[in-house]
Amino acid sequence: LETTFDHGNGFMNGMSLHYYTLPTGNWSKKGSTLAFDEKDWYRTLKATLKMETLIRRHGAIMDQYDPEKKIGMVIDEWGTWYDVEPGTNPGFLYQQNTMRDAIVAACNLNIFNRHSRRVVMANLAQAVNVLQALILTEGEAMVKTPTYHVFDLFKEHQNGELIYCFQSPAETGESIKIPLLSSSASVKDGVMTITLANCSLEEEADISCSLCGFHGTEASARILTEEVHACNDFDMPERVVPKAFPVSLADNMLSVTLPPCCVVSVSVR
């Protein structure tokens, strides 16, 4: 291991870690993309949040040999993996993409943001038609998935400076408990971007927070939300799309109420 981390010789720039979100934890029966219930929802999110533990534990080992963090952690494969859509080629791993996948994407991107000192790259396993894809195609037709729109909401973080963002201790779910909120924040070119996900199927999340060390005069937001099974297909390609969302800023205090099952990007100027 000491030789592996001999970055001084230039043999290594990054270390790979990949982890897929399986709702059932069973590779032979991973569960349906579209036919899922409340229990499936919460166990999917609980499974995806394991990414935080993996990064922390792998990072702790890397810190022993690379305390200056010269070696990057590369999350080279991540995303949801369900049973293939009925009637499709099993080898192509084609699956639909719902609001459940949107929340999974938001949670993971927030995790990567918060660990950006170590995580230098993170890649969905496939971008088109396979697993948690950004785009689905059929002949000349193309559909942007809910996951695509989450990436669009998060894009303002690129090249930004990570800043501390509150991590709410509140939990949601009954038999399976998970954090109610996922969040991360950054500043770039005088604009603060805060990305939030409400992981609950039923609870609203009322947020009121002070912007310490940053003075803003106006705020705007966009939201991605729909019925939990909602997806974009070739008949309804625009069912799940971001929309403007109300947020208030007064005396440098930001206030917003998140409905259940949503991803929100807030910009403060």
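**View 1. The hairpin of strand 9 and strand 10 holds a positive phi at Asp189.** Two residues sit between the strands here, and Asp189 takes a phi near 50°. What you're looking at is a predicted model, in which local features need pLDDT of at least 70, side-chain atom pairs count only at pLDDT 80 or more, and totals for chains, interfaces and linings use all residues. Residues are numbered from 1 along each chain as its sequence is written, and side-chain values use heavy atoms, with hydrogens and water left out. Helices (H or I, at least four residues) and strands (E, at least two) are DSSP runs, numbered from the N terminus. Strand 9 (residues 181–188) and strand 10 are antiparallel partners, with eight bridges between them; two strands count as paired if DSSP finds at least two bridges between them. Look for Leu181, whose bridge partner in strand 10 is Asn198.

**View 2. Strand 10 also pairs with strand 16.** Seven bridges link strand 10 to strand 16 (residues 262–268), and the two run antiparallel. Find Thr195 and you'll see Ser265 of strand 16 standing opposite. Strand 10 (residues 191–198) is mostly covered, with seven of its eight residues buried. Buried means under 20% relative accessible area, exposed means over 50%, and partly exposed is in between (1.4 Å probe, protein chains only).

**View 3. Two residues that aren't glycine show a positive phi.** As background, most residues other than glycine have a negative phi. Asn159 has a phi near 65° and belongs to the loop between helix 4 (146–154) and strand 6 (161–163). Cys261 has a phi of about 50° and lies in the loop between strand 15 and strand 16. Which of these two is buried, and which is exposed? Asn159 is exposed, at 78% relative accessible area, while Cys261 is buried, at 2%.

**View 4. Strands 11, 15 and 14 make an open antiparallel sheet.** The strand order is 11-15-14. Strand 11 (205–210) and strand 14 (248–250) are the edge strands, each pairing on one side only. Neighbouring strands are turned by 15° against each other on average, direction ignored; for angles like this, axes are lines fitted to C-alpha atoms (for helices, over the stretch in contact), and angles run from 0 to 180 degrees between N-to-C directions. Strand 11 and strand 15 (residues 253–258) share six bridges, and Ala205 has Leu258 of strand 15 as its bridge partner.

**View 5. Strands 1, 2 and 3 make an open parallel sheet.** The order is simply 1-2-3. Strand 1 (14–21) and strand 3 (119–124) are at the edges with a single partner strand each, so one side of each has no neighbour in the sheet. From one strand to the next, the twist averages 20°. Strand 1 and strand 2 (residues 72–80) are joined by eight bridges, and Tyr19 stands opposite Trp78 in strand 2. Helix 2 (residues 50–65) packs on this sheet and touches strand 1, strand 2 and strand 3, its direction making about 160° with that of strand 2. Contact means heavy atoms within 4.5 Å.

**View 6. Asp37 caps the N-terminal end of helix 1.** A side-chain oxygen of Asp37 lies 3.2 Å from the backbone nitrogen of Lys39. That's a polar contact: a pair of N or O atoms within 3.5 Å, where within protein one must be able to donate a hydrogen and the other to accept it, and residues adjacent in sequence count only if both atoms are side-chain atoms. The buried residues of helix 1 (residues 38–48) include Trp41, Tyr42 and Leu45. Among the elements covering the buried residues of helix 1 are helix 2 and helix 3.

**View 7. Cys107 and Cys199 don't form a disulfide.** Why not? Their sulfurs are 3.7 Å apart, which is too far for a bond. A disulfide here is a pair of cysteine sulfur atoms within 2.5 Å, and the count by that rule is zero. Cys107 is buried at 1% relative accessible area, and Cys199 is buried at 1% too.
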